[in-house]
Amino acid sequence: MEAGIRGWGAYIPKFRVSATEIATLWGYDVKLPKALGVVEKAVAEEDEDAVTMGWYAARVALKRAGVSGEDIDAVFFGTESKPYAVKPSATIVADALGVKRRKLSTDLEFACRAAGEGIRISIGLVKGGLAQNTLVIGSDTAQANPGDLLDFTASSGAVAFVIGNPSKSPAAIEASVSYVTDTPDFWRRDRSPYPEHGEIFTGEPAYFHHILSAAKLLLDETGLKPSDFDYAVFHQPNGKFPLQVARALGIPQEKVLPGLVTPYIGNTYNASALLGLAKILEEAKPGNRILVVTFGSGAGSDAFSIVVGDSIYEVVSRGPKVSDMISSRVSIPYGVYAKFRGLYLRNIGG
Amino acid sequence: MKLSPSQFWRIRESQYRLIITECGSCGRKSVFKRSVCPFCGSSNVKHVESEGFGKVLDVTKVMYRWNSSDERPPLLVGVVELDEGVRVVGEIVGVGDNEEVKEGTRVEAVLRRYASDDPYGVIYYGIKFKPIKTA
Amino acid sequence: MGAYIVSGAVVKVDRHFERGYRDLAYDVVKECPDCLDVDYVVISSALPELTAHQVDLSTHIAQWLGRRVPVVRVESGETSGLAAVDLAASLVSSGRNRRVLVLGLEKVTDYPTYVTNYFYSLILDYEFEVLRSVSPPAYAALVMKELMRGGVKRECFSSWAVKMHENATSIPHAMLRFKISYDSFKDSQVLAEPLTLHDSFALGDGAAALVVSSSPNTNASSVEIVFSATEVGLPAYLRENISDLTASVKLLKLSLERYGLDLKKVITELHDSYTPYPIAILRSLGYLDGGCDLNEFEYLNTSGGLKARGHPIGATGVYQAYEVFKLLTDRLGSKTASTDYGLVHSMSGPDNVSRVLILKR
């Protein structure tokens with residue numbers, strides 16, 4: 001065992017804008033959302049950002065883990081929608097949660113997989129004895145150029161994990177591996193408000209190549225077979241890619257669907273796959289094995305094999321569940337979405 | 001620069017967390033980290049952190065326009081009684097147009113933005129309240 | 001040695017776009033020939049740093065008026081005016097000064113209303129109320145809701161506003177000199193449910209002057225300041241009942257008892273920034289028990305109050321004191337009164353601080 005997930009928490013804003021409305025507004029065929037596998041996406045309110053959502057998820061993660069801020073030795077904040085371009089988000093969340101001052105604390109950026117890398121860094125810290133517990137947060141108020149294809153999926157959400165001693169954890173990370181290349185499939189330049197992407201180029205050479213490579217590395221190193229896993233969760237930029245990548249790995253759809261959240265809430269970027277993992281942890285039984293593979297453009301993937309322990313039910317009960325956050329929803333029109341996310345050109349600073 | 005970095009930094013503990021001041025002299029409790037009890041003036045105080053749950057005592061929907069860049073009316077502003085028996089005033093967020101917040105609504109503390117010195121200045125974060133979905 | 005109000009003047013509360021702080025000071029002093037025959041000036045004003053970018057306003061006003069007498073500014077939110085009168089009374093009754101000019105000044109129309117609303121809202125605790133999106137009308141709405149839960153009808157608050165507008169029609173210096181009807185509340189914009197624009201004070205620029213002297217005038221044209229007191233309340237969010245305006249009620253009760261006065265008979269100017277406040281205070285004092293008949297008060301806010309005369313924030317207390325002084329000694333607009341006592345009440349925010357002044361003919 002490398003390390004364990006001692007606790008986790010999630011946050012999904014309750015407001016949703018429908019993909020059909022986005023299609024109608026921007027002149028797409030209303031059949032497009034179905035092709036993308038998205039029904040609607042979660043929208044954060046005006047006073048929310050990656051920090052506030054990450055704080056909520058982290059607060060629940062600490063509660064589930066049964067630890068206080070005093071027990072956390074490192075805080076990693078994975079995001080591509082930092083409220084400050086320069087100034088860590090991690091320190092804000094850490095102070096707001098009462099995390100002690102003697103700690104590591106930094107923001108990580110690797111498109112949608114920074115939080116996944118944060119977990120791998122944490123495994124190293126815990127195994128190496130530099131930290132007893134770390135807090136890893138993945139949180140994004142994802143940006144999309146209004147009217148771009150990304151507008152159908154770019155949503156808001158957060159997830160957080162307390163990584164620590166596997167013997168104290170309801171879920172143990174038995175193996176993990178990362179696979180990274182330089183692939184410009186999606187990016188956002190400095191001073192640019194919205195990301196650009198290579199559209200079809202984001203698929204085969206980017207998403208599929210990295211996820212499949214990381215997954216195969218993990219299987220090779222552990223000797224595990226796809227059939228050894230009870231659940232599989234992959235980064236989910238839309239509702240279709242995860243099912244396609246599962247098929248390529250020979251993993252049946254029913255093992256993927258429990259962790260597939262993007263159709264209902266959109267792509268939460270750094271939360272995405274890990275939010276799916278949180279949902280699976282809330283539904284899994286002791287002894288279940290979960291395959292998790294993240295993906296971040298640029299590009300890279302982290303693959304994890306996670307085994308659920310006996311204390312899972314008790315730990316689940318200590319916090320709000322992802323499935324409840326998905327079903328607790330309020331529809332808003334695109335105009336309110338635009339107001340919430342600051343898409344109107346307004347005079348500010350007056 | 002319209003928002004001071006240090007003014008908020010100084011008081012961030014009381015803004016980021018629900019700190020309760022308990023008076024050892026009069027026995028009364030008040031919100032925020034205070035060195036003096038606001039009821040009796042005693043310095044014999046200690047501080048504890050609220051669990052962050054409570055109920056709405058009263059709430060009003062505010063359309064008064066009183067700011068510019070941070071303006072996002074309508075706002076719900078209410079008085080919340082924390083489970084620790086302490087009152088605090090603040091904004092209630094996460095409420096849809098057709099949802100009702102009223103006396104007795106259960107709420108939990110959430111971290112939100114208070115103010116943002118756009119486009120270049122600091123961001124203030126602090127505690128607001130969000131209704132808890134009770135099935 | 002006592003303290004007497006011996007002279008005074010006001011300008012109309014209005015949107016004086018062509019007049020700044022120093023112009024308003026000049027305008028009001030011009031109307032009051034003996035206002036500059038003083039050995040000290042106390043200026044009351046709440047917002048000049050915010051609305052006019054001016055620190056040390058009082059010195060600049062003195063220089064502009066060409067009178068290099070000692071001067072100081074008093075600021076205590078919405079009660080600044082009465083705080084200044086209180087200071088002036090102390091200066092003359094202690095023997096330190098002979099005649100003190102109290103000059104209430106405020107400019108509130110140099111920015112769009114939403115900006116001024118923000119400046120005004122800073123009478124609340126910036127760090128723990130304003131940053132939390134709590135504004136003065138939010139508190140007033142919560143007070144109104146609590147009173148309504150206690151059985152007060154919506155019409156009661158409306159009746160205050162209707163009465164104030166009616167009173168103001170005979171006051172030349174009032175800002176809103178027109179009547180409103182109960183019906184008008186139906187279409188009045190909501191500030192904070194259920195509080196509407198018609199429940200709110202009128203925001204206007206203003207200037208008011210009073211001379212406080214250690215000795216009365218030889219004729220009957222002066223009044224004695226027999227009582228001046230201040231009480232600080234608890235922050236509203238800490239109160240058991242938010243509509244308990246304890247500081248105001250305590251001071252008013254004390255002064256009524258001490259001088260054997262009845263609000264139904266005595267000249268009274270109550271701070272009515274928002275209609276729930278005077279209703280809450282009157283009820284706590286034992287009035288309006290069986291309903292909401294404001295006509296049983298003979299001289300209640302003859303001026304039209306903050307509601308209709310207007311509320312030039314830091315100058316308002318000086319207006320109130322001037323109005324009571326005029327009613328006691330002469331006439332206010334077309335109104336006269338035949339009582340010996342007059343009472344002025346001012347408070348800031350939802351009773352954060354309260355001040356009461358009693359004047360005797």
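How many salt bridges does the rule find across the interface of chain A and chain B? I looked this up at the start and got 7 salt bridges, a salt bridge being a side-chain nitrogen of Lys or Arg within 4 Å of a carboxyl oxygen of Asp or Glu.

**Ground rules.** I noted that this is a predicted model, where local features need pLDDT of at least 70 and side-chain atom pairs count only at pLDDT 80 or more, while totals for chains, interfaces and linings use all residues. Residues are numbered from 1 along each chain as its sequence is written, chains are lettered from A in the order in which they are written, and side-chain values use heavy atoms, with hydrogens and water left out.

**Chains A and B.** I picked one of the salt bridges to look at: Arg12(B) pairs with Asp95(A), and their closest N and O atoms are 2.7 Å apart. Next I checked which helices of chain A take part, and found that H3 (50-65) and H4 (90-96) each supply at least two residues of the side that touches chain B. H3(A) gives the most, with 6 residues. Helices here are DSSP runs (H or I, at least four residues), strands likewise (E, at least two), numbered from the N terminus.

I then looked up the size of the contact (heavy atoms within 4.5 Å). Chain A puts in 28 residues and chain B 34 residues. The area buried between them is about 2600 Å², 49% of it from carbon and sulfur atoms; this is the accessible area (1.4 Å probe) that two parts lose on being put together, summed over both. On the chain A side, Asp47(A), Trp55(A) and Tyr84(A) lose the most area to chain B, together 20% of what that side buries.

**Other pairs.** Of the 2 pairs of chains in contact, I found that B and C share the most contacts. Chains A and C do not touch, and their nearest C-alpha atoms are 9 Å apart.

**Chain B.** I counted 2 helices and 8 strands here. From the N terminus on, the two helices come before the strands.

**Helix H3 of chain C.** Which residues of H3(C) (57-64) are buried? I found Leu57(C), Ser58(C), Ile61(C) and Ala62(C), where buried means under 20% relative accessible area (1.4 Å probe, protein chains only). They cover an arc of only 130° around the axis, which puts them on the same side of H3(C); the arc is that of the directions from the helix axis to the C-beta atoms. These residues pack against several elements of chain C, including helix H1 (21-30) and strand S4 (99-106). Just after H3(C), I spotted Gly66(C) with a positive phi of about 70°.

Note on methods
Buried means under 20% relative accessible area, exposed over 50%, partly exposed in between (1.4 Å probe, protein chains only).
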